[in-house]
Amino acid sequence: MGVYADQIFPRVMDWIMRAPRFRELRRQVLAPARGHVLEIGFGTGLNLPHYPRGVTWLTAVDPANFPNALVEKQTTAGSIPVKLVRLSAETLPFESGQFDWVVSTWTLCTIPDPVAALREVRRVLKPGGQFIFLEHGRSDDLKIATWQNRLNPLQRVIACGCNLNRSIDTLIKQAGLTITQMERFQMEGVPRVAGAMYRGIATPHRPILAESLSSGRHRPMAPGAPGAGPV
Ligand SMILES: C[S@@+](CC[C@H](N)C(=O)[O-])C[C@H]1O[C@@H](n2cnc3c(N)ncnc32)[C@H](O)[C@@H]1O
């Protein structure tokens with residue numbers, strides 16, 4: 001990929017994203033995770049110290065060729081066994097229904113085909129499993145969103161493919177996941193174009209009627225109708 005993407009950017013990213021304001025958000029969002037967890041977009045492993053005790057095994061994927069020294073100091077420091085696989089989340093080499101939780105933090109902005117990756121998340125989660133997300137994306141403030149669109153081409157170059165303007169909840173729903181909790185907030189100490197946050201939990205479960213709708217056997221149900229399920 002080149003010296004910037006392989007050597008300089010990962011170090012800058014690691015330095016910025018280990019700041020206390022990121023640490024606290026990581027700790028909060030990871031708190032419910034349990035059992036066998038899959039993390040997509042592992043980066044330099046900054047989530048590792050924040051997984052709770054109930055996490056017994058971590059499988060992680062990331063296609064980037066980050067310097068070993070940066071990643072290893074995280075993976076060898078913690079008590080959770082970690083298996084890091086160097087590949088993209090759009091095509092996961094895992095059996096369906098094998099993870100208790102899947103985690104994505106500041107990653108859906110960068111994955112080239114986020115809906116494909118989220119479909120894979122849906123596939124590999126156990127039936128009762130849940131997907132934790134903590135992501136920046138498109139702002140609800142129209143002025144900020146306009147600036148996000150303007151700055152996006154530049155951001156993609158300097159931040160190695162990161163997009164400022166993805167509507168994270170829309171992508172999650174497009175992949176067939178059901179959002180059960182979501183919070184929007186502005187991250188402190190981060191420019192507004194990069195700090196419009198989406199934090200929440202989604203599940204692979206879909207209401208039975210919604211499944212049959214996609215097969216075309218039923219008429220569409222009005223939003224908010226009984227049984228329409230959470231959005
Ligand atoms: C801004 S970093 C965030 C890293 C980490 N999740 C964190 O919270 O510190 C975005 C990460 O997404 C990874 N990424 C890019 N394309 C990906 C893909 N197709 N599948 C999985 N991860 C990808 C990048 O290599 C990078 O590590």
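Here a biologist quizzes a modeller about a predicted model and the labels put on its residues.

Biologist: Why is tryptophan 106 called buried?

Modeller: The cut-off for buried is 20 or more other C-beta atoms within 10 Å. Tryptophan 106 has 22, so buried it is.

Biologist: And why is cysteine 160 called partly exposed?

Modeller: Exposed would take 12 or fewer and buried 20 or more. Cysteine 160 has 18 other C-beta atoms within 10 Å, so it falls in between and is partly exposed.

Biologist: What makes the phi of tryptophan 106 worth a remark?

Modeller: Phi there is near 50°, a positive value in a residue other than glycine. Tryptophan 106 sits in the loop between β4 and α4. Cysteine 160 isn't a glycine either, and its phi is positive too, about 50°; that one is in the loop between α5 (142–158) and α6.

Biologist: How do you know that Phe133 belongs with the largest nonpolar core, and which elements feed that core?

Modeller: Phe133 and Val102 have the most contacts inside this core of 39 residues. Elements giving two or more residues include β1 (35–40), β4 (99–105) and β7 (196–203), while β5 gives the most, with five. Leaving out residues up to four places away in sequence, phenylalanine 133 touches, among others, Leu108, Ile168, Ile172 and Tyr198.

Biologist: What makes a residue part of the ligand's surroundings, and how many are there?

Modeller: Its C-beta atom has to lie within 6 Å of the ligand. There are 21 such residues, and Gly41, Gly43, Ala64, Ser88 and Ala89 are the closest. The shell splits into twelve nonpolar, seven polar and two charged residues.

Technical notes
Residues are numbered from 1 along each chain as its sequence is written. This is a predicted model: local features need pLDDT of at least 70, side-chain atom pairs count only at pLDDT 80 or more; totals for chains, interfaces and linings use all residues. Ala, Val, Leu, Ile, Met, Phe, Trp, Tyr, Cys and Pro count as nonpolar, Asp, Glu, Lys and Arg as charged, and the others, Gly among them, as polar. A nonpolar core is a set of buried Ala, Val, Leu, Ile, Met, Phe, Trp, Tyr and Cys residues joined through C-beta atoms within 7 Å. Helices (H or I, at least four residues) and strands (E, at least two) are DSSP runs, numbered from the N terminus. Two residues are in contact if their C-beta atoms, placed from the backbone, lie within 7 Å.
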